[in-house]
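Q: Could you take a close look at one part of this structure, a single loop, and then follow the connections that lead away from it? A connected explanation for a first-year student would be welcome.

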Amino acid sequence: MDVWVAGTVFAVSYLAIATERFDRTLVALLGGLLLILLGVLDQHAAFAAIDFNVIFLLAGMMVIASALGRTGFFEWLGMQAVYASRAEPFRLLILLALVTAVLSAFLDNVTTVVLMAPVALVTARRLEVSPYPFLITQIVASNIGGTATLIGDPPNILIGSAAGLDFGAFLTNLGPVVVLILGAYLATLRLLFKDGLSVSGDRREAILAGPREELIRDRPLLVKSLAILALITVGFLFHAALGLEAATVALLGATLLLLISGLDPHEAFRDVEWTTLLFFVGLFILVEGVVQVGIIGAVADALARAGGDIRLVAIGLVWVSAVASAIVDNIPYTATAIPIVERLIADGLPAQPLWWALALGACLGGNLTLVGASANIVVANVAARSGYPIRFMEFLRHGVVVVLESLVIASIYLWLRYLL
């Protein structure tokens, strides 16, 4: 009975989020709370399912981003990108995608989009073009870039911990295929965004010939914010060695910045995207209900029963992981799939192809839907708050193309490198 209740609540909630008839945060919260009221989850299990590492990581980085926003840093960075691209929108789109992908690999994709989404909005406004190509490209590039390293995307952190794989192992095994996938995506951009990226020659000349205005409004705060951000970045790179979670590093940095900058904490906390954080709360509870009644486990078990042929299992794991991650968010899916992979390895299948298949499927599948990965949700809420809501179906149209392209490349790469 619980299976049907959880499945129905999840399906209705997901449909409501996809059709955008109601606010996505309210839908996620209501769906999660219904599972508690209907007895699918007890309150302790529901609240234990909330990944506070994600919640507090986002909260801390949002405070840092708020401080940087007050200095004029994002306007300045956006204009540097405009000048570097000669105010040519498509060239600018590629430049920002490359920056986002690289930062996502070495910082983590959620932190990167918190910092880069405002840059995308600023540059689009300056060029007087639609911000949607820039925002969607940042989501996709962040998920692709984050796939390359241990710290780039939350599923990789879970996999690295379970499999004993370090930063170097991820970079050497997934870095090459990520470069190929990113290159293919950049080559596809003109097809995906053939409209809405034109700027008149007069407008370009006016931007480039205009005075280089002073965009930094508070240099002392900028210096302090960048210094704290640098310390946080180092903390992210070495948090495992320090025995700290990324959320602890982010919250510590945010607290120190508020202490040394003189910013009013009440104002800083008002800039936190609370709707985003509460959406995650509801989503984590909603997904936990589906996981606990065994729906996700049944999908993974079906894959395990097909075991025996490593080629079939590894390639199947990539595609199943991608679809499942797009539906339930890649973090809880990965946590559910790890024991299945461990069982396959215990049954005698080689470990390397399976771990990399899971990582590629979970991380790349996040690009399929607007709720497939944490970075997607963060950008969507930043965009909506700025008056540019990203529609679920609009993103899905782009996501299908990108994910199919990515998974084909990932499957060929796995086959040639590990399965021949």
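A: A helix is here a DSSP run of H or I with at least four residues, and helices are numbered from the N terminus. With that term in place, the loop can be located. The model is a predicted one.

The loop in question lies between helix α7 (109-127) and helix α8 (132-146), and E128 is found in it. Two features describe E128. Its phi angle is positive, at about 60 degrees, although E128 is not a glycine. Its relative accessible area is 61%, so E128 is exposed, because the term applies to values over 50%.

Which residues meet R203, once its neighbours within four places in sequence are left aside? R203 is in contact with R126, L127 and E128, and the loop residue is therefore one of its partners. R203 itself belongs to helix α11, which covers residues 201-209. With a relative accessible area of 26%, R203 is partly exposed. A longer distance can be set beside these contacts: between R203 and A362, the C-alpha atoms are 42 Å apart in space, and the two residues are 159 apart in sequence.

On its other side, the loop leads into helix α8, and there the aromatic residues come into view. A pair of aromatic rings is described by the distance of the centres and the angle of the planes. The structure holds five such aromatic pairs. In one of them, the ring centres of Y132 and Y388 are 6.2 Å apart and the planes stand at 85 degrees, so the arrangement is edge-to-face. This pair joins distant parts of the chain, since Y132 is in helix α8 and Y388 in the loop between α20 and α21, 256 residues away. Y388 counts as partly exposed, at 25% relative accessibility. Another edge-to-face pair is that of F170 and W356, with 5.1 Å from centre to centre and 80 degrees between the planes. Here too distant parts are linked: F170 is in helix α10 (residues 167-192) and W356 in helix α19 (residues 351-365), with their positions 186 residues apart. Both F170 and W356 are buried.

The loop that holds Y388 lies between α20 and α21, and each of these helices offers a further point of interest. In helix α21 (residues 392-419) one finds H398. Its relative accessible area is 14%, so H398 is buried, because the limit for that term is under 20%. Not counting residues up to four places away in sequence, H398 touches I136, L192 and F193.

In helix α20, the residue to consider is R385, and it introduces the charged pairs. Side chains of opposite charge can pair when their charged atoms come close. A search of the whole structure finds three salt bridges. One of them joins E273 and R385, with the closest N and O atoms 3.0 Å apart. E273 is in the loop between α14 and α15, while R385 is in helix α20 (residues 374-385), so that this link spans 112 residues. The two partners differ in their surroundings: E273 is buried, with a relative accessible area of 10%, whereas R385 is partly exposed, at 46%.

R70 takes part in a salt bridge with E267, at 3.4 Å from N to O. The partners are 197 residues apart, with R70 in helix α4 (residues 52-71) and E267 in helix α14 (residues 265-270). R70 also forms a salt bridge with D271, where the closest N and O atoms are 3.0 Å apart. D271 is in the loop between α14 and α15, so its pairing with R70 of helix α4 ties together parts that are 201 residues apart in sequence. In this way R70, E267 and D271 are linked in a network of salt bridges. Each member of the network counts as partly exposed: R70 at 28%, E267 at 33% and D271 at 31%.

What, finally, recalls the backbone of E128 elsewhere in the chain? A87 likewise has a positive phi of about 60 degrees without being a glycine. A87 is also a loop residue, found between α5 (73-84) and α6 (89-106). Their exposure contrasts, however: A87 is buried, at 0% relative accessibility, whereas E128 is exposed.

Notes: Residues numbered from 1 in each chain as written. Predicted model: local features only at pLDDT ≥ 70, side-chain atom pairs only at ≥ 80, totals over all residues. Heavy atoms only, no water. Helix = DSSP H or I, 4+ residues; strand = E, 2+ residues; numbered from the N terminus. Buried < 20%, exposed > 50% of the residue type's maximum accessible area, 1.4 Å probe, protein only. Contact = heavy atoms within 4.5 Å. Salt bridge = Lys/Arg side-chain N within 4 Å of Asp/Glu carboxyl O. Phe/Tyr/Trp six-rings, centres within 6.5 Å; stacked < 30°, edge-to-face > 60°.
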